[in-house]
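Me: Got a minute to go through this one with me? I'd like to start with a strand pair and work outwards.

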Amino acid sequence: MFAYFIKRLLAAVPTLIIVAFAVFMMLELSPGDPAELIAGDTATPEQIAAIRAQLNLDQPFVARAVAWVGQLGTGDLGVSLYTRIPVSELIAQRIEPSLVLTVVTILLATFIGIPLGVLAAVRVGSILDRIVMFISVLGFSVPVFIVGYALVLIFATNLGLLPAQGYSPLSDGLWGTLRAVIMPAFALGGVYMAQIARVTRAAMLEVLSEDYVRTARAKGVKSTIILFRHALPNAAIPIVTVIGFGVGAMLGGVVVTETVFNIPGLGRLAADSILRRDYPVIQALTLIFAFIYVAVNLAVDLSYGFFDPRVRAWGKGGHA
Amino acid sequence: MNVTRRSFMATAAAGILSPYLLSPAQAQAAGSVVRTKVITTLTSLDPIYTTAYSTRNHGYMVFDTLFGLDAGLNVQPQMVDIYDISEDGLTYTFTLRDGLAFHDETPVTSEDCIASIQRWMQQDLVASKVAPLVAGYEAVDDTTFVITLTQPFAQLVPAMAKVGSNVCFIMPARLAATPPSEQITEMVGSGPYRFAADEYVADARAVYVRNEAYVPRSEPASGTAGGKVVNVDRVEWLFMDDMAATSAIQSGEIEFYEEPSPELLPVLEAVPGVTVGVQNTVGMQMVIRPNHTQPPFDNPTFRQAFMKMINPEEHLLTYLGDPELFTIDGSVYPLGTPFNTEVGSIHYDPEGAQALLEEAGYNGEPIYVLQATNIASNRIFSTVTAEQLRRAGLNVQVESSDFGTMFGRALANEPVADGNGWHLIHFANIGPDMADPITSRALSGAGDYLGWSTDEEIETLRADFLATTDLEEQKAIAEQIQVRALELGFYYPGGTFMQPNAYSDSLTDIVESPVPVYWNMGVNA
């Protein structure tokens, strides 16, 4: 398993290199010049040229690419063209809100989505099943920002129970952090909750129709044991896959959620940096997002072995 | 009243949980903190390095100025106690007020002022015109310094007072020695607030704390002039989206909301405890700038036809929704500024436009209107212009992108025939930026500004304007420049409009100013 882990980890390196190169190329080809934006519409061509030179933007593409790769090699992500703050510092300021939001969202989506899916599978065809499926279609269909604004209207503006916007760091207390992220997590998590519920239902229905489940029932095994000890672990692989996929897809949703709820996270930093062509920040964030995506996929792959003995056997060179 | 078990439980639960669930805004007394949603994010801290309005506004918090502009746009001394201009207009002597000190507790000296002025003169549009005329600077003593010119330049003191970027902010000489193309990130000024660098999160939050050592002038606060008395301990600038800000002011999480998107004004007006009002009484000007280098806009007759196709009332009504918030007068100098005049103004005239269009020989070639979809005013102004030009029979294509892409495309000025050129671009500029023939770059006839208008006569008139110190003479020249610029279709001045702010009723004594300022303001507990 360890060898498999190392092999997968090494396989991620070319992926990251390709991503880095593609991002650099795309930024090079995209219109807009940060020096022009910094200088403003009243700047003279000489002033723009001076800023361009000061930021090394007047260097040829290859020279800048080589310099950037050299920097990366030493662990230096560069300096923001606008704030002149090191990118690593900008990311350090922003990583906590995004991390907390993502973790709380995944936990909510998982701990609500799986029971709903199991419930719908057990009571397949019933009113309960239909209600769960209706909620899951709703979760799929309603955009994050609509859910977000509706939650703000109800819980912040009308009831005054939760803050409408902003983030409270963990260092100021867990309760404040949870109060700040609970609405964004629900808004962002709706889609994933729906996905997890639907996949859980489908996987459970398939497993519950298997012979060994029928045999267990015939032997009088309690239905909760059948569900949670026999059926659910066997339905886990598609569920884990959809959770993993959700973490990756969430990177996009975080941008909208952080904007709606004014959370100073990595998503907003990425969106703002793209709009103003802050190349070093965009490059660093893209690499980080790509790394997260690769890491989550790897974790999902490794978890297959945990849930399915056949994968473990294959990993040891056996046959499935 | 019936008390059911369910309602009892809900009330009890709310009672138990509310101390924990109430937002910090509601749980704490307002105290002496003002939290504000500012117009745009603050990414560059150096107000000489960039012309961004957000950085300029940040500059007014941290730095002080030698002169200020009062609410009536009159020049008033600020850091300067007394000043003298020699009869020949060549020698300017400035003496600073007593007690001025930087945030690092060093006194503000003549050397600091001279170094700051020199840096500013390398960067600012108006100041750069006086730089070649400076014969020398002399620090007479710690608080008195002299600037000597080789020829009179009447705009020197007004330029030092102006609120349009770049503002002549005074910083320590060691910082002012930085080339203007290099950004200063150490924020040491002598302004009414200190910048809390450790609390700054670019794009998210900037915090300013009261400068206890600041010595305000004795006059009442007015615009960027008068006594900058700080009545609050902290001002927090929060950068958020309009919808988040609307929710935040409704739930008491912010006290001040700078220039909400106009479509939100009716919502905000209905919020109890929130007032919608105008502090920037000078307002803004809608500018439609043609590209003079690209056909058919390289033809003055076509530009004249274009000017008569525009009905700015439709633009401003669509954007603001309230006719009380704008005035159309056709002057290139916004209403309320000293040189505003109706002489030579061009008004909506569809028939006249058609006659000129025929004369210009327009043959249906596409007209490219640039549009920045992420700026509400730009999105709306360009959409309305496109529609009006289509009604006039032009073949119009709106080119949509984000502001950065639009701006890059505009500056690149590629030929329209190559597919990436442009004909029209829109701006919403603050009134003081358009207030006179020098500050307003759209009135340049030197072909050195976006749109690249050229005219020798206008350049001669602008030089005359700079040379005279007589206000009546300046007005006469400004009028001639307006007539000529409108004749040649330099740009379309689309009236003056106001952008109100929304603020909590707990705030008192908000200063009327062309730029948002946070001194004088108080908070009722």
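Me: In β8(B), which residue is the bridge partner of Y137(B)?

Reply: That's I147(B). Bear in mind that this is a predicted model.

Me: Noted. How many bridges join β7(B) to β8(B), and which way do they run?

Reply: Five bridges link β7(B) to β8, residues 144–149 of chain B, and the two strands run antiparallel.

Me: What sheet do those strands sit in, and in what order?

Reply: An open one of four strands, ordered β5-β6-β8-β7 in chain B, with antiparallel pairing. β5 (80–85) and β7 (134–139) of chain B are at the edges with a single partner strand each, so one side of each has no neighbour in the sheet. From one strand to the next, the twist averages 15°.

Me: Remind me, what holds strands together in general?

Reply: Strands of a sheet pair through backbone hydrogen bonds, and they can do so parallel or antiparallel.

Me: There's also a sheet with seven strands in chain B. What's the order there?

Reply: β10-β11-β12-β1-β13-β21-β14, again in chain B; that sheet is open and its pairing is mixed. Its edge strands are β10 (193–195) and β14 (274–277) of chain B, each pairing on one side only.

Me: And β13 with β21 in chain B, parallel or antiparallel?

Reply: Antiparallel, over two bridges between β13 (residues 256–257) and β21 (residues 501–504) of chain B. Across that pair, F256(B) stands opposite Y503(B) in β21(B).

Me: Zooming out, how many helices and strands does chain B have?

Reply: The secondary structure of chain B comes to 16 helices and 23 strands. Its radius of gyration is 25 Å, close to the 24 Å that the globule rule gives for 525 residues, so chain B is as compact as a globular protein of that length.

Me: What are the spans along its principal axes?

Reply: The C-alpha trace of chain B spans about 80 × 70 × 40 Å. Of the 525 residues of chain B, 53% count as buried. Counting contacts in chain B with a separation of 6 or more, 70% come from residues 24 or more positions apart.

Me: OK, switching to where the chains touch. How many residues does each chain put into the contact?

Reply: Chain A puts in 46 residues and chain B 44 residues. On the chain A side, helices supplying at least two residues each include α5 (87–122), α8 (174–208) and α12 (266–276).

Me: Which one gives the most?

Reply: α12(A), with five residues. As for the make-up of the side of chain A that touches chain B, it divides into 23 nonpolar, 14 polar and nine charged residues.

Me: How does α12(A) pack with α5(A)?

Reply: Their axes are 7 Å apart, at an angle of about 130°. An angle between 115 and 145 degrees falls in the oblique class, so α5(A) is oblique to α12(A).

Me: Which residues meet there?

Reply: From α5(A) you have L90(A), I91(A), R94(A), I95(A) and S98(A), and from α12(A) L266(A), G267(A) and L269(A). By class, this contact has five nonpolar, two polar and one charged residues.

Me: Last one: how many residues of α9 in chain A are buried?

Reply: Zero of its eight residues, so to speak a bare helix: α9 (residues 211–218) of chain A is hardly covered. After α9(A) comes G220(A), with a positive phi near 85°.

Key:
Residues are numbered from 1 along each chain as its sequence is written. Chains are lettered from A and ligands numbered from 1 in the order in which they are written. This is a predicted model: local features need pLDDT of at least 70, side-chain atom pairs count only at pLDDT 80 or more; totals for chains, interfaces and linings use all residues. Two residues are in contact if their C-beta atoms, placed from the backbone, lie within 7 Å. Ala, Val, Leu, Ile, Met, Phe, Trp, Tyr, Cys and Pro count as nonpolar, Asp, Glu, Lys and Arg as charged, and the others, Gly among them, as polar. A residue is buried if 20 or more other C-beta atoms lie within 10 Å of its own, exposed if 12 or fewer, and partly exposed in between; C-beta atoms are placed from the backbone. Two strands pair if DSSP finds at least two bridges between them. Axes are lines fitted to C-alpha atoms, for helices over the stretch in contact, and angles run from 0 to 180 degrees between N-to-C directions. Angles under 35 degrees count as roughly parallel, over 145 as roughly antiparallel, 65 to 115 as roughly perpendicular and the rest as oblique. The radius of gyration is taken over C-alpha atoms; the globule rule is 2.2 Å times the number of residues to the power 0.38.
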